[in-house]
Amino acid sequence: MSAARQRRRAPPASLPGARPAPELHAATAALLQAADLHRAQASRDIDPARRSELGQFLTPPRLASFMASLFQELGGSVRVLDAGAGVGTLTAALVAEACSRPDPPTDILAVGYELDPAMVNSLSKVMRACRDACRAAGVAFRGRAVCADFIAAAVDELSRPTPRARFSHAILNPPYRKLGAGSATRCALRRAGVEASNLYAAFLALAVRVLDPGGELVAITPRSFCNGPYFRAFRALFLREMALRRVHVFESRSAAFADDDVLQENVVLCGVKGAPPGAVLVSSSRGPDDGPTAARLVPYAEVVRPDDPERFIHVVPDRAGQGVADTFARLPARLEDLGVSISTGKVVDFRARELLRPDPAADTSPLIYPAHLDAGVVRWPKPGKKPNALVDCAATAHLWMPSGTYVVVKRFSSKEEPRRITAALFDPAVVPCARVGFENHLNVLHRRGAGLPPLLARGLRAFLSSTLVDTYFRQWSGHTQVNAADLRNLTYPSLEVLERLGARAGDRALGQREIDRAVDEALGAHAARGGPRRE
């Protein structure tokens, strides 16, 4: 910690001393109530189109108080950043938490950035309520409600030879919106050495950059940054600069922002800038109003695997989940070890719209969409909205793969689907053809651009369809997209085990219980022979 934060000075003479506990409690309760009234009013008044444009959802009071309670140090001189502050609910929660601690800070400087002028007006009022609560605790308070684009302001500050704005604490519920690769915001971020594909990652990265060494950050974000290529650069920056200390996951997609009908898997994370990596407290609850359903202290190497170049973040709050993670740590192979490659389907249908056909014809070959996947097999042709065929001509020659046995996996699933990974077998005996096209919303497992050995393909299909894989995938994937990089990052049984599993599965579609029993027995036999743990 910096010297400024470690000092415990007496309050300035111009400030009254701390008042009795009941009076202080009343002041902090009034502060939180005022912040929530402004939040509720702002949520009612904001235009839905404007909310979508800003990508902002306001923090409920219970969630804000939970987040503020996670700070380890709130003594000495506190300088707090609230980026995307809204009406200031998070700042109010931090002030209430700091003033209620046995060793409160001597002074607090709170800086809230907000782009919406209407909310800045409420933010200013909440800052004044923070001042009143601090006065009751004998704490000096200064608050700044800044009506400005946080990204632009932070980039300008970081571009200075000696940046002036530094913070000891950051508390964030950042906005959520995708950023186009060529957008002005992405270009500005690159000036500060930040590569981010979403506003929330950009806000977090810049908050990290303006923290003092030893500074603490607490934020609620979508869980999607934990894996996938789009957040690779952000994970590298965050994990290089920050030591994770706590990760809390909400099991319900709707509970964290219930007032705004947000359906999103969220995590609260906290970390310390520049601290050495150490054990991480991983916990879960249904929502912010519920007690923890699981919590355990996890070695850092189990949260971020040292041999993982993708730097995926594994969130496993219970011991049963750790048992699943341990199973995958023992599996010996990755796809490349099995001689298997993975690619996204080559056919982007809107680019070949004139050559799509609803039904097979003499001049076409099969075109496979996610809609053709049914109970672990590809069923083609299939009546419906999607085409079944693509004209086979010179213009489409580069889009085909030769007939063979393939495993196809949906790249996207809906939030309502019970499974994240949906895999199926493309069998040339069921869909006879000379060549086949796969639409771009599918991942295709192949060998050097051609089909897989049938036993291996059937084994991979069964393994990827297991509850074991689905459970493990959810430990580090917080969204409904299944990237090729995610499937490359999985560990797999050996070739021998997969072929044995494929022989048992055969050509037929298996029920979930049969799949899980077959996979459990195959992996159990592997473990009984002393299968090594993959480090």
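Hi everyone, let me start right at a helix contact: Leu455, Leu456, Arg458, Gly459, Leu460, Arg461, Ala462 and Phe463 in α13 meet Leu495, Leu498, Glu499, Leu501, Gly502, Ala503 and Ala505 in α16. Sorted by class, the residues of this contact are 10 nonpolar, 2 polar and 3 charged. Before I go on, please keep in mind that this is a predicted model.

So how do these two helices cross? Helix α13 covers residues 454-464 and helix α16 covers residues 495-505; their axes come within 7 Å and cross at roughly 85°. Angles from 65 to 115 degrees count as roughly perpendicular, and therefore α13 and α16 are roughly perpendicular to each other.

Now a second pair, with α14 as one partner. Helix α14, residues 467-476, is mostly covered, with 7 of its 10 residues buried. Which residues of α14 are buried? They are Leu468, Val469, Asp470, Tyr472, Phe473, Gln475 and Trp476.

The partner is helix α12, residues 319-330, whose axis comes within 10 Å of that of α14, with a crossing of roughly 105°. These two helices are therefore roughly perpendicular to each other as well. On the α12 side, the contact uses Gly321, Val324, Ala325, Thr327 and Phe328, and on the α14 side Leu468, Val469, Thr471, Tyr472 and Gln475. By class, that gives 6 nonpolar and 4 polar residues, with no charged ones.

Let's move to the cores. In soluble globular proteins, nonpolar side chains tend to be buried together. Here, the largest nonpolar core has 54 residues, and Leu206 and Leu217 have the most contacts inside it. Helix α9, residues 199-209, gives this core its largest share, 10 residues. If you'd like one residue to click on, try Leu206: leaving aside residues up to four places away in sequence, Leu206 touches Phe150, Ile151, Ala154, Val155, Leu158, Leu189, Ala192 and Val194. There is also a second, separate core of 43 residues, and among its members are Leu331, Ile421, Val469 and Leu487. You have met Val469 already, as one of the buried residues of α14.

Finally, the whole chain. How many helices and strands does the chain have? The count is 17 helices and 20 strands. Of the 535 residues, 56% count as buried. Among contacts with a separation of 6 or more, 78% join residues 24 or more positions apart. The chain exposes about 22,100 Å², and carbon and sulfur atoms supply 54% of that area.

That's my tour, thanks for listening!

How values were computed: Residues are numbered from 1 along each chain as its sequence is written. This is a predicted model: local features need pLDDT of at least 70, side-chain atom pairs count only at pLDDT 80 or more; totals for chains, interfaces and linings use all residues. Side-chain values use heavy atoms; hydrogens and water are left out. Axes are lines fitted to C-alpha atoms, for helices over the stretch in contact, and angles run from 0 to 180 degrees between N-to-C directions. Helices (H or I, at least four residues) and strands (E, at least two) are DSSP runs, numbered from the N terminus. Angles under 35 degrees count as roughly parallel, over 145 as roughly antiparallel, 65 to 115 as roughly perpendicular and the rest as oblique. Contact means heavy atoms within 4.5 Å. Ala, Val, Leu, Ile, Met, Phe, Trp, Tyr, Cys and Pro count as nonpolar, Asp, Glu, Lys and Arg as charged, and the others, Gly among them, as polar. A nonpolar core is a set of buried Ala, Val, Leu, Ile, Met, Phe, Trp, Tyr and Cys residues joined through side-chain atoms within 4.5 Å. Buried means under 20% relative accessible area, exposed over 50%, partly exposed in between (1.4 Å probe, protein chains only). Accessible areas come from the Shrake-Rupley method with a 1.4 Å probe; for residues, only the protein chains shown count as cover.
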